[in-house]
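Student: I have a model open and some labels to question. Can we go through them one by one?

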There are 2 protein chains.
Amino acid sequence: MQDEVLKRVKPSPEDRSRLLEASNIILSQIDKLAKERGLSLKAMLVGSAARDTWLAGDHDLDIFLGVSPDADITAALEVARLVSPEYEEKYAEHAYVHAKVNGFDVDLVPCYLVDDPAHLKSAVDRTPFHTKYVSSRIVGREDDVLLLKQFMKGVGVYGSELKVGGFSGYLTELLVLSYGSFAEVLRAASGWKACEFLDPEGHGKLEHAEPLVVVDPVDPKRNVAAALTSDKMQQFASASRSFLVAPSLDFFFPAKVMPLSDEELLGLINRRGSQIILVDFQAPRVVEDILYPQLYKAEESAKALLERNGFRLLRSDAGSYRDRAFLLLEMEVWELSRVSRRTGPPVSEAEHISRFLAAHDKPLSGPYIAEGRVMVEVPRQYTRAEDLLAAQIGNLALGKHLSGAIRGGHNMLVGPQVAEIKDDCFRTILARYFLAKQRVG
Amino acid sequence: MQDEVLKRVKPSPEDRSRLLEASNIILSQIDKLAKERGLSLKAMLVGSAARDTWLAGDHDLDIFLGVSPDADITAALEVARLVSPEYEEKYAEHAYVHAKVNGFDVDLVPCYLVDDPAHLKSAVDRTPFHTKYVSSRIVGREDDVLLLKQFMKGVGVYGSELKVGGFSGYLTELLVLSYGSFAEVLRAASGWKACEFLDPEGHGKLEHAEPLVVVDPVDPKRNVAAALTSDKMQQFASASRSFLVAPSLDFFFPAKVMPLSDEELLGLINRRGSQIILVDFQAPRVVEDILYPQLYKAEESAKALLERNGFRLLRSDAGSYRDRAFLLLEMEVWELSRVSRRTGPPVSEAEHISRFLAAHDKPLSGPYIAEGRVMVEVPRQYTRAEDLLAAQIGNLALGKHLSGAIRGGHNMLVGPQVAEIKDDCFRTILARYFLAKQRVG
């Protein structure tokens, strides 16, 4: 089975030479541009392309433009901008350039050439050290890395971007180096508990709150698995167990999820008999690592608002498609009685009680004593979840960019109205949401 | 104010002589009947009538027919049956007779004449000792007892029958004897905490779980306040506080609650915007002290069933009117999504997981991992509270008599259908339920 997988994910010699050729062209172009400007600048291919651990079909190149720690890094950014006419500037911790060159997606990232990862000036300065550490050690085990990456992709846990919260490429490489092979990683992961500790270079115990701690061989203070969420870690452990019991190609190549047709979507909404509330709005123009934490935070705030007011959620989601972003709230309880019980002070606190009674002097029922406290029954303001959310969405704890985007205008679609969004990408996200199928065992 | 109250609740000299006359006639009638039969039987007036602590308008006489502990008590019951042609036989711990004589409601209760309450053969054997204990001590404080009884009636905590769970007449007398006066009882009660202990004769600490413990002067092992619920105790404490701050006649004589008209009832149901589910059935022919514990138990079982299945109650009630009994369940959440989440085993328990997955092999969504556990989403059987209750009411933990009565046939009325019951007594119960107003402070 591993051969079958490798046949599909291992780059061919032609793929490899095309990639190296493209990379070399860009590297020498950068050298030339730097020389013309009298800049001391070292261009390097880093990441999986440099380590021969990239998956076929993956056309990403990571090229770093290193400058001396005391040099002006903006000159490197200037050079990056000139590599291709087809580029856009992005911003993570620092600015970088995303360009299209000969069909490759190229990230051109300025960094400082520090002598030791202990002296980083920016997080990206660590990457050249990772490449150096892995390149020499991984030789002969590249296929295991490819298998592990594809397995993780297939079961939905690959990618350390905050949208996913899964395993980074570097982490998969360290796992293969630590355990020896793809199969051994799966066997080890099968036995993972809620907290695991790995220390490839024996740097010693780190204090970390994360579920998986992998001490970075090149930077002992850093947890390589810091971005991994507990859910994704457990998903991987569970999928590993399941695969070892009954291996199948489906783990690597799950059936493609197709966008839902109107009919399928309305059928699902009807069968579930829940109430779906969708808040759809223009996505702010920021990278996903900035957008997604804000989306997830907004999702949590909306849930908390609804549950605090007595409604109940079945599940929820947040995401983006093309230039739009959305919150999806699926309600198990979306309608409440108008009358609601307000719990007052314990019966013995006479002073608090008079204040409580004064604040509720015309209740629908009460005051009466129950469970040792004074109670009144008063009308609640919002009896339907969507009304509460519509009224309060502007007051939620939203991130900086999302706050403006949502307040700037949003559509709230309820139940079958969700079908008004015809976008295929969105309909695929919905299909995945309704399926919610993971490999567990 | 106390004079004003006494003017209305203290029996006039004419009332008193009429009561004593009626009592004497019955007592000598019993003597005669016993003699005719050669029975050794002592007839006694007991209870509040014997102690001059009965409220005007109250036409109850408690007459006990005492026999020697080794005699046959059924002979006394035989005599009781002959006192009045207008009688019915009732049954508490033992059989007794309820008769109508000259406009009085007379309970004719056979008992054993034990030498000491430590040697009771039946709970009622204690009553003559209570009368003896109180009669000699209460002289001069009868008015305080009347005030306290009327106050407790007014605020809804008078009566130790299980339907009410409040204060017995004997308990009010002991409170007046302990604290000295009506006003002092209220002052003391104002300071009551969750647990209080009173021991008029210094018999020593009793181990009791009840909120209020009053050691019976005539039977040190007995808690006179055993039937008092925590809610009623706190209600009395709170009402006392409230009265002492702002005394008013309303505490003694609250406005009469009138039966709701169709229009009022439908208006209230509409304003509350809740869902009322009423289960109405033929009351089993048992005394209230047997009926009510079963009704309250059925109420709790129905609530537990509904809440266990995800519905939520605002409040509930159970009761009886004429020959009917009912459970009333007022729902805050009465409709749920068809889809429901089923929580499976923790992700690490592989064996349990395979069984869980096998039991849910065609879920609507999932399996997926959340909160460290495997989850699936499956359709729930009942999405509406009334459907669940209708299907499961026969399986509830119901008391012996109620079980037959409910299974034998019941009406389930939902929302405005409740107005189909036109009975004034029921409509008054509903009016009180919706008002739910207690004196608190």
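Tutor: Start with a definition: a salt bridge is a side-chain nitrogen of Lys or Arg within 4 Å of a carboxyl oxygen of Asp or Glu. Keep in mind that this is a predicted model.

Student: What makes A:Arg355 and A:Glu351 a salt bridge?

Tutor: The N to O distance is 4.0 Å. The cut-off is within 4 Å, so a pair at that value counts. Both residues sit in helix α12 of chain A, four residues apart, about one turn of the helix. Both are exposed.

Student: Why is the pair B:Arg51 and B:Glu173 called a salt bridge?

Tutor: The closest N and O atoms are 2.4 Å apart. The limit is 4 Å, so the label holds. This pair links distant parts of the chain: B:Arg51 is in helix α3 of chain B, B:Glu173 in helix α7 of chain B, 122 residues apart.

Student: How do you know whether B:Arg51 is buried or exposed?

Tutor: Its relative accessible area is 7%. Buried means under 20%, so B:Arg51 is buried. B:Glu173, at 0%, is buried by that rule too.

Student: What makes A:Arg384 partly exposed?

Tutor: A:Arg384 has 26% relative accessibility. That lies between 20% and 50%, so the label is partly exposed. A:Glu335, at 27%, also counts as partly exposed. The side chains of these two meet in a salt bridge, at 3.6 Å from N to O. A:Arg384 is in the loop between β14 and α13 of chain A, and A:Glu335 in the loop between β11 and β12, 49 residues apart.

Student: How many salt bridges does the rule give over all chains?

Tutor: The count comes to 58.

Student: Now the sheets. Why are β12 and β13 of chain A said to stand at the edges?

Tutor: The sheet is open, with the order β12-β14-β13 and antiparallel pairing. β12 and β13 each have a single partner strand, so one side of each is left without a neighbour in the sheet. Helix α12 of chain A packs on this sheet, touching β12, β13 and β14.

Student: How do you know that β12(A) and β14(A) pair?

Tutor: Pairing needs at least two bridges, and these strands have six, so they pair. The sense is antiparallel. One of the partners in β14(A) is A:Pro379, which bridges to A:Val339.

Student: What about β6(A) and β7(A): what makes them a pair?

Tutor: They share three bridges, against a minimum of two, so they pair, in the parallel sense. A:Phe197 stands opposite A:Val213 in β7(A).

Key:
Residues are numbered from 1 along each chain as its sequence is written. Chains are lettered from A and ligands numbered from 1 in the order in which they are written. This is a predicted model: local features need pLDDT of at least 70, side-chain atom pairs count only at pLDDT 80 or more; totals for chains, interfaces and linings use all residues. Side-chain values use heavy atoms; hydrogens and water are left out. Contact means heavy atoms within 4.5 Å. Axes are lines fitted to C-alpha atoms, for helices over the stretch in contact, and angles run from 0 to 180 degrees between N-to-C directions. Buried means under 20% relative accessible area, exposed over 50%, partly exposed in between (1.4 Å probe, protein chains only).
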